[in-house]
Amino acid sequence: MNSEEAYIQTVLRSWRQQLDFFNDILAQIPGDNFLWNIAPGRNRGIYILGHLTAVHDLMLPLLRFEESMYPELQPVLI
């Protein structure tokens, strides 16, 4: 494995670790908490989660992994 391949593997492993960490955090939060406003007059947790999902989904074609899985989220959440 050359240094470029090693770098790519490191980046992908780090990305996967961050996703797993975030999923673990989300699993600990009761579902109805996502319906609360983050702060008075601000977005609810469900919108923030949807926005993060839509942005992450846009990274797939950007990095040439695959096409967006949820393109219908983009007009609503980005």
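Contact means that heavy atoms lie within 4.5 Å of each other. The exercises below use a predicted model.

**Exercise 1. Check the length of helix H2 (residues 45-62) against its expected span.**

Solution. Helix H2 has 18 residues. The expected span is 1.5 Å times one less than the number of residues, so H2 should span 26 Å. The C-alpha atoms at its ends are 26 Å apart, which agrees.

**Exercise 2. Which residues of H2 are buried, and what do they pack against?**

Solution. Gly45, Gly50, Ala54, Asp57 and Leu60 are buried in H2. The helix's buried residues pack against helix H1 (3-27) and helix H3 (74-77).

**Exercise 3. Describe the surroundings of Asp57, a residue of helix H2.**

Solution. Start with charge. Asp57 is buried and has no salt bridge. Arg16 is the nearest side chain of opposite charge, 12 Å away; a salt bridge needs a nitrogen-to-oxygen distance within 4 Å. Next, look for other partners. The Asp57 side chain reaches the backbone nitrogen of Met69 at 2.7 Å. Setting aside neighbours within four places in sequence, Asp57 is in contact with Ser68, Met69, Tyr70, Pro71 and Gln74.

**Exercise 4. How many salt bridges does the structure hold, and where do Asp20 and Arg16 lie?**

Solution. The structure holds 1 salt bridge. The side chains of Arg16 and Asp20 meet in a salt bridge, at 2.9 Å from N to O. Both residues belong to helix H1 and are 4 residues apart, about one turn of the helix. Now classify each by accessibility: partly exposed runs between 20% and 50%. Asp20 has 33% relative accessibility, so Asp20 is partly exposed. Arg16 has a relative accessible area of 45%, so Arg16 is partly exposed.

Notes
Residues are numbered from 1 along each chain as its sequence is written. This is a predicted model: local features need pLDDT of at least 70, side-chain atom pairs count only at pLDDT 80 or more; totals for chains, interfaces and linings use all residues. Side-chain values use heavy atoms; hydrogens and water are left out. Helices (H or I, at least four residues) and strands (E, at least two) are DSSP runs, numbered from the N terminus. Buried means under 20% relative accessible area, exposed over 50%, partly exposed in between (1.4 Å probe, protein chains only). Lys and Arg count as positive and Asp and Glu as negative; His and the chain ends are not counted. A polar contact is a pair of N or O atoms within 3.5 Å; within protein, one must be able to donate a hydrogen and the other to accept it, and residues adjacent in sequence count only if both atoms are side-chain atoms.
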